[in-house]
Amino acid sequence: MKTTYLDSNATARIAPEVMEAMTPYLTEYYGNPSSMHSFGGQVSIKIREARERVATLLGAEPEEIIFTSCGTESDNTAILSALAVRGGKRRIITSRVEHPAVKALCERLGKQGYYVVEIPVDSIGNLDMDEYKKNLTSDTAVVSLMWANNETGVIFPVEEAAALAKERGILFHTDAVQAVGKIPINMKNNTIDMLSLSGHKLHAPKGIGVLYLRRGTEFSPFLVGGHQERGRRGGTENTPSIIGLGKACELAALNMEIENTRVAHLRDKLETRLLELIPNSRVNGNPATRLPNTSNISFEFVEGEGILLLLDEWGICASSGSACTSGSLQPSHVLRAMGVPFTMAHGSIRFSLSIYNTEEDTDLVIEKLPSIIDRLRSLSPYWKGERLCATAGNAG
Ligand code: PLP
């Protein structure tokens, strides 16, 4: 059966060009870039080239790029570094809808005596800017706000938020793992101090990330060891993946236009048709400020997991907005923060597209999903209850 992959926010397919760029550095050119000999030296040249390519995509300087092992490491490094360099300050500002890479760290820091403020969002996922401004107090060490949400695609005004933090001398970090490669980013036009990205969200391999660190920003490394990355991140470089990431960044710049036109069009058509065909469904997240590839749709009175299992029978891959925690299905913290009603939040599905998707992929979902929802609803006591109420209402 053909796989129809609509889960690129979870992880994206490796671009063939990326694979081709990496392969020689997994096989022939295995030297250590720190070695004195020219066999290692030629690898070091390729790392320099990759660093330049990442910097170009971000509108940054090559020396502002630190290679890490993933988005999670970049997020952890940024926040822990800010706390270390702003030693006396123990307040952290973040949002209610961050990825666990930020959220879980902040929760742990909260238990260690830091004061963590989670800024709320409204019903369509917009950050409460008034609440944010109110909380920018002088004892704040760092703000960490995501650029784009992984579940809904909603984009936060991080550049504006960073400018406000800057005025008050507060360090600003953004988790841009879902934003990089999908929307234009130019670090020359903002005052963000630190930014995280992850290779596997932009068609590079898993296990490679970047922390952008603005020149002049005080920094305390997370991993100490060798002098790699100018002493800012110890550990022998993941050479093939770094080279792959460089290529992926080059491709992302070329493909951004497609992402924002063809991919956005596919996403919009998918959404419009599903909402037309399936009653009691709705889109979650501000439709005006969203990533072009992401759609989060709730189907009332069904379980997301049930939908995913039945989609899987047709080879369709997507994600649900609920997580199975200790045996009970909890709607995601993102949808809960947005106040999405319980009966809607439980049946939410995230479709996340990429440049490799075609109309055939979205048409398959449009063809199969309505009957899947019908089938699940026919088993749902809640749906039957809703129908009875609706009928009774009509009769009355
Ligand atoms: N931040 C966001 C917004 C993400 O979506 C993810 C991955 O899903 C991460 C951080 C973590 O990235 P990684 O898987 O590279 O650790």
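Which strands does helix 2 (residues 38–58) lie across? In this predicted model, helix 2 lies across strand 2, strand 7 and strand 8 (209–213). Its direction is at about 115 degrees to that of strand 2.

These strands belong to an open sheet. The sheet has 7 strands in the order 2-8-7-6-5-3-4, and their pairing is mixed. Strand 2 (65–68) and strand 4 (115–119) stand at the edges. Each of these edge strands has a single partner strand, so one side of each is left without a neighbour in the sheet. On average, and with direction ignored, neighbouring strands of the sheet are turned by 20 degrees against each other.

One pair of strands can be followed in detail. Strand 6 (residues 171–175) and strand 7 (residues 194–198) run parallel and are joined by 3 bridges. To find a bridge partner, start at His173: its partner in strand 7 is Met194.

Next come two helices that pack against each other. Helix 3 (residues 71–85) and helix 4 (residues 100–111) have their axes 9 Å apart and pack at an angle of about 35 degrees. Their crossing is right-handed. On the helix 3 side, the residues that meet helix 4 are Thr72, Asp75, Asn76, Ile79, Leu80 and Leu83. Helix 4 contributes Ala101, Val102, Leu105, Cys106 and Leu109 to this meeting. Sorted by class, the contact between helix 3 and helix 4 has 8 nonpolar, 2 polar and 1 charged residues.

Definitions and conventions
Residues are numbered from 1 along each chain as its sequence is written. This is a predicted model: local features need pLDDT of at least 70, side-chain atom pairs count only at pLDDT 80 or more; totals for chains, interfaces and linings use all residues. Side-chain values use heavy atoms; hydrogens and water are left out. Two strands pair if DSSP finds at least two bridges between them. Helices (H or I, at least four residues) and strands (E, at least two) are DSSP runs, numbered from the N terminus. Axes are lines fitted to C-alpha atoms, for helices over the stretch in contact, and angles run from 0 to 180 degrees between N-to-C directions. Contact means heavy atoms within 4.5 Å. A crossing is left-handed if the near helix is turned anticlockwise from the far one by less than a right angle, and right-handed if clockwise. Ala, Val, Leu, Ile, Met, Phe, Trp, Tyr, Cys and Pro count as nonpolar, Asp, Glu, Lys and Arg as charged, and the others, Gly among them, as polar.
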